[in-house]
Every structure is written in C-alpha cells, then in structure tokens.
Amino acid sequence: MSDNNKEETVEPDDAVSATGSQTTTTLPSAFPPIIDEIKQLSHDSIAPQNSYQIKPNFQDIFKEVPVKEIIRNVQTNILGGKNYDADNVKNWTIKMANEINEKVRDIEMKRYRHIVQVVIGERKGQGVKSGVRCIWDPETDFCCSEIFMNDTIFCVVTVFAIFLY
C-alpha cells in the first residue's frame, strides 16, 4: 500500500461532538489545549462588546448633591474674602472652571460628559438675565447651579451633564 491510501487513526481525545447532533469532528492533536480554553469560557465570563444603553442605570444617574458641594467649595475657596477686580476675573473664572471640571471628573459618572460654565460679575445692585439653549433629553441629561455672592462679587456656576447614548 502507498502512503496515500493509509487510513489515519483517530484517537478518542481528538473527537469533539456538537451538542444536540450526532456529528463528530476529527481535529489534529494540536487543538485540544485550545478546546479546553474555549470550554472554560462561557457567556458569563465574556463581557459584551456592543451594548447600546439608552438610559443610565439608577445607580449611574448624575449625582447632583456631590456636584453642588464641589461647586460651593471651589467658589468659596477662590472668591471668599475677595473684592471685585476686573483684572483678576478672567483668571478666577478659568481657575474655577478647571478645578470644578477636574473634581467632577473624579466622581466618575459612567457615560456622562459635562460642561462647566462660570459667570462672574461686579455686584452694583443691577439685575442680570441669562439664557441657555441646547438639545436636551430630560430623562437622562441634567444640570445644577450654585450662586455665590458677597458685597462686590456675584458668581454663577452651572454644570451640564449630558448622557452619551
């Protein structure tokens, strides 16, 4: 007999049976370690790659109370005991926005992006009107504001939190 007509011997360890079927497949002896690894994996041990979550889970919803505390603390630290100075207002707003941004980011609210808006003005008894427009989902997007006032300064900080679908 020539080598082409020899029958291969099949070992019982080389056969894999498909569940619910009578079919068996013969695999070369190099595959059993890979098959053992595949058998150990299950749908519970593999994280889903594409999960399209339309709304945040209850525990992942924007946390307004800690954000308000952050805003209040930063406003007091930066503006407490100071008088209005037009030359320093730009630096105060940038410093305040950056510090609030970093601290809100540390809360790690899943799938939220946030925007920090800081408005500082001189307090002389005048009124101030402001408006904001944006595309908003009232079920998932949030905002919170804090107002700081002393004898010469008013400061309004707003943090907008937008949920990413």
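## A ring to start from

At 24% relative accessibility, F142 counts as partly exposed. That figure sits between the 20% limit for buried and the 50% limit for exposed, so the middle label is the one that applies. Keep in mind that we're looking at a predicted model here.

F142 has a ring partner, F62, and that one is on the other side of the cut-off: its relative accessibility is 7%, so F62 counts as buried.

## The aromatic pairs

Searching the whole structure turns up four aromatic pairs. In the F62–F142 pair, the ring centres are 5.9 Å apart and the planes meet at 15°, so this one is stacked. F62 belongs to the loop between helix 1 (32–40) and helix 2 (64–79), while F142 is in strand 4, so the contact ties together parts of the chain that are 80 residues apart in sequence. Both rings also belong to a cluster, in which ring pairs link F62, Y112, F142 and F163.

Then there's W136 with F160. Their ring centres lie 6.3 Å apart and their planes are at 80°, so this pair is edge-to-face. W136 comes from the loop between strand 3 and strand 4 and F160 from strand 5, so the pair links distant parts of the chain, 24 residues apart. What about burial? W136 is partly exposed, with a relative accessible area of 30%, whereas F160 is at 11% and counts as buried.

## How the chain is laid out

Stepping back, the protein has three helices and five strands. Following the sequence, you read them off as β-β-α-α-α-β-β-β. Of its 165 residues, 24% count as buried.

## The three-stranded sheet

In what order do the three strands of the open sheet sit? The order is 3-5-4, with antiparallel pairing. Strand 3 and strand 4 are the edge strands, each pairing on one side only. Ignoring direction, neighbouring strands of this sheet are turned by 10° against each other on average.

Strand 5 (residues 153–163) is mostly covered, with nine of its eleven residues buried. On one flank, strand 3 (residues 112–122) runs antiparallel to strand 5, and eleven bridges join the two. If you want specific registers to check, V118 has V157 as its bridge partner in strand 5, and R113 has I162.

On the other flank, strand 4 (residues 142–149) pairs with strand 5 over eight bridges, again in the antiparallel sense. These two strands form a hairpin, with three residues between them. Two of the facing positions are easy to pick out: S145 stands opposite T158, and I147 stands opposite V156.

One thing to hold on to while looking at strand 5: in a regular strand the side chains alternate between the two faces of the sheet.

## The largest pocket

How much space lies in the largest pocket? About 170 Å³. Its lining is made up of Q117, V119, V128, K129, S130, V132, F154, V156 and T158. Strand 3 and strand 5 are the elements that give two or more residues to that lining. Strand 5 has the largest share, at three residues.

By class, the lining has five nonpolar, three polar and one charged residues. Two of the lining residues, V156 and T158, have already come up in the hairpin: V156 is the one facing I147, and T158 is the one facing S145.

## Strand 5 as the common thread

Pulling these threads together, strand 5 keeps turning up. In the 3-5-4 order of the sheet, strand 5 sits between strand 3 and strand 4, and nine of its eleven residues are buried. Strand 5 carries F160, the ring that meets W136 edge-to-face. Strand 5 also supplies three residues to the lining of the largest pocket.

Key: Residues numbered from 1 in each chain as written. Predicted model: local features only at pLDDT ≥ 70, side-chain atom pairs only at ≥ 80, totals over all residues. Heavy atoms only, no water. Buried < 20%, exposed > 50% of the residue type's maximum accessible area, 1.4 Å probe, protein only. Helix = DSSP H or I, 4+ residues; strand = E, 2+ residues; numbered from the N terminus. Pairing = 2+ DSSP bridges. 1 Å grid on protein atoms, 1.4 Å probe; cavity = no way out; pocket = protein on both sides within 12 Å on 5 of 7 lines; lining within 4 Å. Points joined across faces, edges and corners; volume = space filled by probe spheres on them. Nonpolar A, V, L, I, M, F, W, Y, C, P; charged D, E, K, R; others polar. Phe/Tyr/Trp six-rings, centres within 6.5 Å; stacked < 30°, edge-to-face > 60°. Axes fitted to C-alpha atoms, helices over the stretch in contact; angles between N-to-C directions.
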